Structure formats: structure tokens, C-alpha cells
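User: I would like to learn how to read the core and the sheet of a protein model. Please take me through one.

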Amino acid sequence: MSDTQTLIDNRPPSVAALFIDRVAATPDGEAYRYPVPSASGEGPDDWKSLSWGQASERVYAIAAGLIALGVRPEERVALSSATRVEWILIDLGVMCAGAATTTIYPSTNAEESAFILADSESRILIAEDAEQLAKARETRADLPGLAHVVVIDPVGVEPAEGDPEGWIITLADLEAQGNELLAKTPDAVTERVAAITADQLATLIYTSGTTGRPKGVRLPHDNWSYMAKATVSTGLINADDVQYLWLPLAHVFGKVLTSGQIEVGHVTAVDGRIDKIIENLPVVQPTYMAAVPRIFEKVYNGVASKARAGGGAKYKIFQWAAGVAREYAKVSQDNFRRTGNASVPFALGAKHKVADALVYSKIREAFGGRLRACVSGSAALAPDIGYFFAGAGVHILEGYGLTETSAASFVNPGEAYRTGTVGKPLPGTEVRIADDGEILLRGPGVMQGYHNLPDKTEEVLESDGWIHTGDIGELSADGYLRITDRKKDLIKTSGGKYVAPAEVEGQFKAVCPFVSNILVHGADRNFCTALIALDGPTLLGWAAENGLEGKSYAEVVAAPQTVELIDGYVKRLNEGLQRWQTIKKFRLLPRDLDVEHGELTPSLKLKRPVVEREYQGLIDEMYAGSREA
């Protein structure tokens with residue numbers, strides 16, 4: 001048996017047990033960094049640290065506080081907060097109390113929050129601030145089982161008429177109650193951890209979904225223990241790493257990143273403010289970070305836009321450097337695949353060296369200068385964007401998984417990564433491709449099922465443990481997986497041809513530096529069309545140089561020269577497509593798509609049915625007068 005398999009087979013029953021082991025091994029080692037606004041409220045944030053020992057004191061106090069409130073093993077404690085260090089400490093506290101965390105995005109509205117709280121039967125809600133508390137107050141009549149709301153940041157929280165006595169407490173009060181219990185019963189938490197079984201519920205994550213009510217995915221403690229061991233066994237992270245964690249922790253992709261860290265004990269800098277990413281990177285100087293494709297697309301568009309604003313010569317240099325980066329990445333990856341050596345021809349290497357001095361080094365500097373690798377997941381990254389960054393020395397390792405498989409089922413293996421694939425399965429995870437191309441997975445990361453939905457569980461989870469992912473993919477002879485599309489998103493035109501919209505959309509994002517979101521439409525139609533939303537800052541920068549300065553986003557989008565600009569990129573896209581895939585017509589949307597309008601999930605995936613319903617008029621307009629209309 002291999003060392004890796006032994007490591008996985010001998011995993012403890014829970015991450016709570018792993019956490020206790022980590023604290024014992026490196027109590028004085030740095031665990032977390034987090035920002036604190038400067039005293040003046042101006043200038044950069046101050047960053048403070050918690051050692052593993054200090055983190056454990058707070059985790060134990062939270063766990064004991066929950067026990068003091070009467071929380072029993074597997075009972076649900078809901079957590080509605082943005083990504084911050086307290087989120088991690090609370091989640092660990094819930095797990096160490098033997099309870100289960102119900103995650104809620106802070107952007108979720110009051111009605112859906114109430115549905116999740118009621119469906120999960122959460123006894124306690126831990127709310128970030130007054131805004132999250134207000135949602136619970138608004139729907140309290142529908143939540144008779146909600147015994148307490150614990151507020152992390154109590155600024156602006158005032159007693160309100162109708163609040164039951166003791167219903168609202170602060171996180172500080174919860175920790176104080178916990179410390180009182182620990183003073184009397186020092187083993188209260190360690191006894192709970194020792195009693196945790198591998199199949200005990202640890203996390204209930206409600207899929208944001210692209211249609212219908214969210215489903216609660218039941219993830220036991222063993223899922224996270226397996227993830228901790230399996231992700232570390234890939235060699236992608238080590239004890240000397242510094243991770244920058246900004247992803248939503250209510251999402252399974254963000255949550256899984258906390259498990260491997262506990263296993264190896266590296267530092268994690270935590271700050272969920274997306275508008276602070278560019279500012280934080282040079283301060284944190286991470287060695288690795290995870291992100292969704294939209295972030296890399298925005299960086300790419302920003303770099304291209306900055307080059308364009310610098311004048312024709314600078315833009316030509318950027319375009320040349322981008323081409324060199326892609327060629328360099330493709331050649332070096334191909335050589336590594338064939339020979340195990342990532343060498344490139346001398347002439348290409350010489351061009352790359354010049355481009356590095358002019359362009360790539362500045363990009364790496366913007367990421368903090370120490371970045372060894374990024375992990376990209378949640379949606380497909382356009383290969384041309386992946387090749388660009390690979391050639392620039394920002395190595396993006398795509399991975400793949402579902403909420404239903406605890407996030408990480410595949411990841412690209414370090415030096416041997418292949419852009420355009422999601423890599424190989426984690427040790428212990430099995431994969432097979434069904435006759436219709438659907439990816440099936442089996443392993444210790446697979447969920448127990450959907451909460452209170454046995455029929456829905458049976459639809460995707462077979463009795464022998466294989467789960468239907470709903471994604472279409474291809475496996476290479478040596479085990480690399482390429483995702484081609486969502487099974488339900490495949491388009492069949494009226495001419496009987498199949499189109500994978502995500503593939504076309506990804507190619508357009510690599511061709512057009514102005515695009516933010518694109519939706520390809522064409523099911524049961526005789527040609528494909530597209531709804532295109534443009535990136536605001538990039539578009540307005542171009543507008544200022546093209547006679548449209550001072551115009552609003554909507555006015556710029558409606559201008560004939562903007563339509564002409566994007567038409568040029570659509571024509572370039574079509575040159576590389578099969579005839580039936582080509583975009584015959586498109587419409588520019590009057591604003592970008594976003595989470596607030598329900599068009600994107602909190603992990604920035606496109607909700608196709610919502611967008612198509614909202615812009616049905618534009619779709620009908622594109623097909624008006626065609627033979628099918």
C-alpha cells in the first residue's frame with residue numbers, strides 16, 4: 001500500500017480531531033492573519049495574527065458556549081457572514097461541539113434565508129452584523145425553532161420590540177459563557193470531539209443552484225477529514241505556504257481550503273472583501289490562492305485595458321507578449337507531457353525573456369511576487385486565458401468538484417498541470433464516464449444525500465456510491481479530465497447539431513478583452529445567438545478615448561461604435577468555430593450581470609434560465625424574421 005493511501009486510510013474521524021492535533025504540534029506557529037482597519041479609518045489596514053494556540057482558545061470558547069446554550073451533537077448552527085477570520089473560528093467551534101454548520105451567504109435575501117433556517121432546523125443563527133440580524137427578525141414568526149441569534153459585530157445592534165428575552169447575544173458573550181463552562185468542566189469540548197464519528201453530520205451547504213429552491217447537501221465529518229489528507233497528499237501545499245483566502249466560505253470551494261491548512265499548519269490570510277484583493281496581494285504576498293475564473297478574466301482584461309490606454313505602441317507590445325506567453329505555455333506543457341522536461345526552443349525562450357522583462361514581471365508583482373500557483377474552480381477557465389497566465393509565470397491549476405463531493409475531486413498536479421483540463425482525481429476518488437458522456441464519481445468526498453429530499457438524492461446518488469455530476473467530460477489515456485459542458489446546458493439546434501455553450505463562451509472571453517459575461521443561446525433554433533455584458537471599467541476606459549467620454553455604461557453600450565467594436569471580436573471568434581457553432585447575431589446588455597439581480601450565483605456562475613427569462617425580448621428580436629419565427 002502506498003504512503004498516500006495509508007495516510008488517507010488512517011485519517012481521523014473529523015477535522016475537529018485534526019485541529020486538536022495541529023494545535024498540540026505547533027501551538028506557537030502562526031495560523032491566521034486578518035485585517036483591522038487603521039485607528040484613523042484612513043490608509044491601509046493593519047494586519048494582526050493568531051497563533052494556533054490563540055485560535056484554539058477562541059474555538060474552544062465558542063464550542064463550549066454552544067454547549068452551554070444546549071446545542072447537541074449534529075444539531076444545526078447556521079452561520080451567515082462574509083469571509084473573515086471569525087467565520088473559520090466559529091465553524092471549527094461548531095464542529096468541536098459535535099454540531100453541524102448550516103452555511104448561508106450574507107447576500108441571501110430574508111425569504112430564502114428563512115427557508116434555509118427552517119429546512120435545516122437550525123437552533124442557533126450566528127449573524128455577522130445588524131443587517132444579517134434584521135433578516136432573522138423579519139422572518140422570526142416563521143422560525144419557532146430558532147432559539148438564539150449570536151451577533152459577531154454588534155455595532156448598530158439595538159434591542160427591538162418583540163425580541164424574546166435573551167434571543168440576541170454577542171459572539172463575545174457566547175465566548176464568555178463558554179469560558180465559564182470550561183472553568184467548571186475543562187474537558188467539555190475534548191469529550192465532544194472524542195465522541196465524533198466519521199458519519200456524523202458536520203456541514204449542511206445549500207446549493208445556490210441555477211433553478212428552483214436550494215437543496216441542502218449533507219456532508220459528514222469524514223468528508224472534510226478525507227479532503228484534508230487527500231489535498232495535502234497531492235503536494236500542492238506545504239507548511240511554509242501563505243494562503244490568501246477571500247472566497248465565500250459559505251461556498252464549498254472556500255470551505256475546503258480550511259481543511260488542508262489545518263493538516264499542514266501553514267498561514268492563511270483571511271479577508272473576504274473582493275474590492276480589497278488588488279490592495280491586499282502585495283501586503284499578504286501569498287504563495288498560493290484559490291479563485292474563480294471571473295477574477296482571472298478581470299485581471300487579464302485590466303492588464304489589456306491598461307496597455308491600450310498607454311497608446312498604440314504599448315498595446316502592440318502587450319498583444320505580442322500575450323501571444324508569446326500562450327505559445328511558450330503550450331510548447332512547454334506539451335514537451336513536459338512527452339518528455340518530462342518543460343524546455344522550449346532557444347528562439348522562443350529568447351522572446352519570452354524579453355516579454356518577461358516588459359510585461360510578465362509586472363503581472364507577477366501585482367500578485368505579490370511570491371505566488372507559486374493559483375487554484376481555479378467553480379467554473380471553466382477559458383484555455384487561452386489559462387495559457388496566457390501560465391506563460392507569464394502565474395500558474396493556474398484548474399480543479400473540479402461539486403458541493404455534493406466536498407468541492408475537490410480533481411486537481412491539476414503541480415508541474416505536470418495541463419491548461420484546459422481539471423487534472424487528475426484526488427487519491428481515493430474514482431471516476432468513470434457514462435455512455436452519454438456524463439462524469440460519474442465515487443469516493444470518501446461524496447455527500448450523504450440531500451437533506452429531507454430522499455427522492456432527489458436517489459436521482460443523483462446510486463446505491464453503490466456513484467454520484468452523477470450532471471457534467472459532460474472526457475478522460476485522457478493518462479487520467480486527465482476535461483469538462484466540456486453541463487449536461488443540461490448542451491444546446492441542440494433545430495438542425496440537429498449539438499453546441500456546448502460554455503466552450504463557445506470561454507473562447508469569446510479569451511478573444512474579447514471587454515466581455516464580462518456572455519450567454520450563448522440556440523436550443524431548438526436554426527442558428528446561435530449571444531447576449532453579451534461588458535466589463536464596466538474596461539469599457540468606460542475605451543469610451544473615454546473614442547468620443548464617448550462622460551457617457552453612462554448604458555449609453556456607451558448603445559452607441560454604434562461599441563456595437564461595431566464587439567462585432568469585430570464576434571467575427572474573430574467565429575473564425576475558429578464550426579459553422580453551426582457560430583454566433584450569427586448578438587445583443588449587448590444595458591448593464592452587467594450580477595448576484596444582486598439573481599443572474600449569477602454567489603460563486604459567480606451564470607444562471608441561464610434567469611438571464612434568458614429577463615432578456616427574452618432581446619432573444620426574440622434576434623430571431624424575428626428568421627424562417628423559424
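Analyst: A nonpolar core is a set of buried Ala, Val, Leu, Ile, Met, Phe, Trp, Tyr and Cys residues joined through side-chain atoms within 4.5 Å; buried means under 20% relative accessible area, with a 1.4 Å probe and protein chains only. This is a predicted model, where local features need pLDDT of at least 70, side-chain atom pairs count only at pLDDT 80 or more, and totals for chains, interfaces and linings use all residues. Residues are numbered from 1 along each chain as its sequence is written, and side-chain values use heavy atoms, without hydrogens and water.

User: Which residues of the largest nonpolar core touch the most other members?

Analyst: In soluble globular proteins, nonpolar side chains tend to be buried together. Here the largest core has 159 residues, and Tyr 32, Phe 389, Phe 508, Ile 532 and Ile 566 touch the most other members. Beyond four places in sequence, Phe 389 has contacts (heavy atoms within 4.5 Å) that include Phe 296, Tyr 300 and Ile 396.

User: How is the open sheet ordered?

Analyst: Strands of a sheet pair through backbone hydrogen bonds, either parallel or antiparallel. Strands (E, at least two residues) and helices (H or I, at least four) are DSSP runs, numbered from the N terminus; two strands pair if DSSP finds at least two bridges between them. The 9 strands here follow the order E2-E1-E11-E10-E12-E13-E14-E15-E16, with mixed pairing. E2 (46-51) and E16 (424-425) each have a single partner strand, so one side of each lacks a neighbour in the sheet.

User: Is Val 59 buried or exposed?

Analyst: Val 59, in helix H3, is buried, at 0% relative accessible area. Among its contacts are Phe 19, Leu 89 and Cys 96.

Terms used. Buried means under 20% relative accessible area, exposed over 50%, partly exposed in between (1.4 Å probe, protein chains only).
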